[in-house]
Amino acid sequence: MYIRPQILSLITTHQCTAACDHCCFHCTPKITKSIPIERLHTLIDEASEIGSIKVVVFTGGECFLLNRNLDDLIKRATSYNLKTRCVTNGYWGTSKESATSRIRRAYDSGLNEINFSTGTFHSKYVKKEYVLNAALASLELKMRTVINIEIFKGDDFNADFFLKNEILNSYQKNGLLTIQRNVWMHNEGEIDFEYERKHTRFEEKNKTTCSTVLNVITVNPDQNLIACCGLHLEKIADLSLGSIKNKTLKEVIESQQPDLLKIWLHVEGPEKILDFIKSHHPEYELPVNSVHICETCLHLYTDDIAKKVLSENYKLIEEKILDKYYSTLALGYLSDNKFENEVESVFA
Ligand code: SF4
Ligand code: SF4
C-alpha cells in the first residue's frame, strides 16, 4: 500500500452549534448532513484492521452534538487500543460544572485528547469563557488539550484571555496544554479581512511540507474517503480516494495507485511545487498572497497552467520525490507512533 495512514479523521457531521463566517465546510445548526452512527462504528472497526492507524479523530461540524453516541464511539475506538481526539468549539462549557460533567463522560469512555477552536469568528457563537471552562475541565482530568486561536490582521479577539491565564500557563509549562494561533482563512464568507505579510506562505520559512496528506485519511458526511484532513478537502476532487458507502477503508486504500502529486505535497508541500513550476515557466504568477497551505494547494490543483507545466516536466523530479517518500515510509514502519502527538490544525 503506498498510503500508510496514521490517523483516521471522522467529519461526523456538518451540523454545528455555530455558523462561523468563512467556516471551511459552511457548517450551521440547520445543516444535518452526517455520517450515520452505525457507519461510524463500523469505520472504527475497519480502522482497527489497518495496522498503521493509531488515532481516531472526531470532528465536524461539532462532534459533541452526537451526545452519548460520541462517548460510545470513543469507547469503541478505545476497545481496539486506538487513541482518540475530539475537535470542538467548546459550546458545552457553559459553566465549570457542566463542562466537568460532559468531559468526564468522554474521559471515562477513553478520550485522550481534546482540541478547542476559538477566536473572533467563533466567539460570535461560543463565548471564550465557555472554551476556558471546557479546557480547564479537560486539563483537570490530565487530558492533553490544545486551544487553537484564529489570527488575521487587525483581529481584536482578546487572545491574552488564554495566553495570560496563569492556570493555563502552568498547564502549558508541564506540556499538557498547547495554545496556538492559526491563520483564519477566507472561505466565501461575508466579512472581509486581511493578513499580516509574515503569514504569507511564500515567505521562505513558511514553505512547509503537508504533514497530513497520506498520513491522515478523512471520511466526510458524504462518506467519501479523502487523502488528508485539510481545510479544502471537499473542494479538491483529486484528493478523494473514493466512496466508502459500499466498501471498507482497506478496500479503498488498497485500490489506490501511487499519485505523484499527493506524494510531492507530502514530501515538499504546495509552495515548493509551485516554485518548481515557476522555474520551468518563468512567467508563471505565483499566488504570493496565499496565507494557508490549503489555499496554495487549492490553487495548485485548480490552475490549468500549473497542471500543464507539471505534466510536461514532472519526469525531471519524479525519481527524487518517490525516493524521498518511500524512504520515509520505510522509517514509518520502524516508528509507528510518529504522528500520535501531531497537533491538528483544523478549526472546528
Ligand atoms: S495542503 Fe492540500 S493535501 Fe495538504 S491538507 Fe491542505 S488541502 Fe489537504
Ligand atoms: S468553524 Fe467550526 S465552530 Fe465554526 S461553524 Fe465551522 S465547524 Fe462550527
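Analyst: Helices here are DSSP runs of H or I with at least four residues, strands are runs of E with at least two, and both are numbered from the N terminus. The model discussed is predicted.

User: Between which helices does the loop with Glu268 lie?

Analyst: One of the two helices covers residues 260-267 and the other 270-280. Glu268 sits in the loop between them, that is, between H8 and H9.

User: Is Glu268 buried or exposed?

Analyst: Leaving out residues up to four places away in sequence, Glu268 touches Thr208, Thr209, Lys320, Ile321 and Lys324. The relative accessible area of Glu268 is 13%. Buried means under 20%. Because 13% satisfies that limit, Glu268 is buried.

User: In what order do the 9 strands of the open sheet run?

Analyst: The pairing in this sheet is mixed. Strand E6 (177-183) and strand E9 (240-243) are the edge strands, each pairing on one side only. From one strand to the next the twist averages 20°. Read across, the order is E6-E5-E4-E3-E2-E1-E7-E8-E9.

User: Which residue in E6 stands opposite Ile147?

Analyst: Strand E5 spans residues 144-151 and pairs with E6 in the parallel sense, over 7 bridges. Opposite Ile147, the residue in E6 is Ile179.

User: At about what angle to E1 does helix H1 run?

Analyst: Helix H1 (residues 37-48) lies across strand E1 (7-11), strand E2 (55-59) and strand E7 (216-219). Relative to E1, helix H1 runs at about 170°.

User: Which residues does the cis peptide bond join?

Analyst: Most peptide bonds are trans. Here omega of the cis bond is about 20°. Gly61 belongs to the loop between E2 and helix H2 (68-79). The cis bond joins Gly60 and Gly61.

User: Is Asn67 buried, partly exposed or exposed?

Analyst: Asn67 is also found in the loop between E2 and H2, and its phi is near 50°, a positive value in a residue other than glycine. The relative accessibility of Asn67 is 44%. Buried means under 20% and exposed over 50%, with partly exposed in between. Asn67 therefore counts as partly exposed.

User: What is the approximate phi of Gln223?

Analyst: Most residues other than glycine have a negative phi. Gln223 lies in the loop between E7 and strand E8 (224-226) and, at 10% relative accessibility, counts as buried. Although Gln223 is not a glycine, its phi is positive, at about 60°.

Methods: Residues numbered from 1 in each chain as written. Chains lettered and ligands numbered in written order. Predicted model: local features only at pLDDT ≥ 70, side-chain atom pairs only at ≥ 80, totals over all residues. Heavy atoms only, no water. Pairing = 2+ DSSP bridges. Axes fitted to C-alpha atoms, helices over the stretch in contact; angles between N-to-C directions. Contact = heavy atoms within 4.5 Å. Buried < 20%, exposed > 50% of the residue type's maximum accessible area, 1.4 Å probe, protein only.
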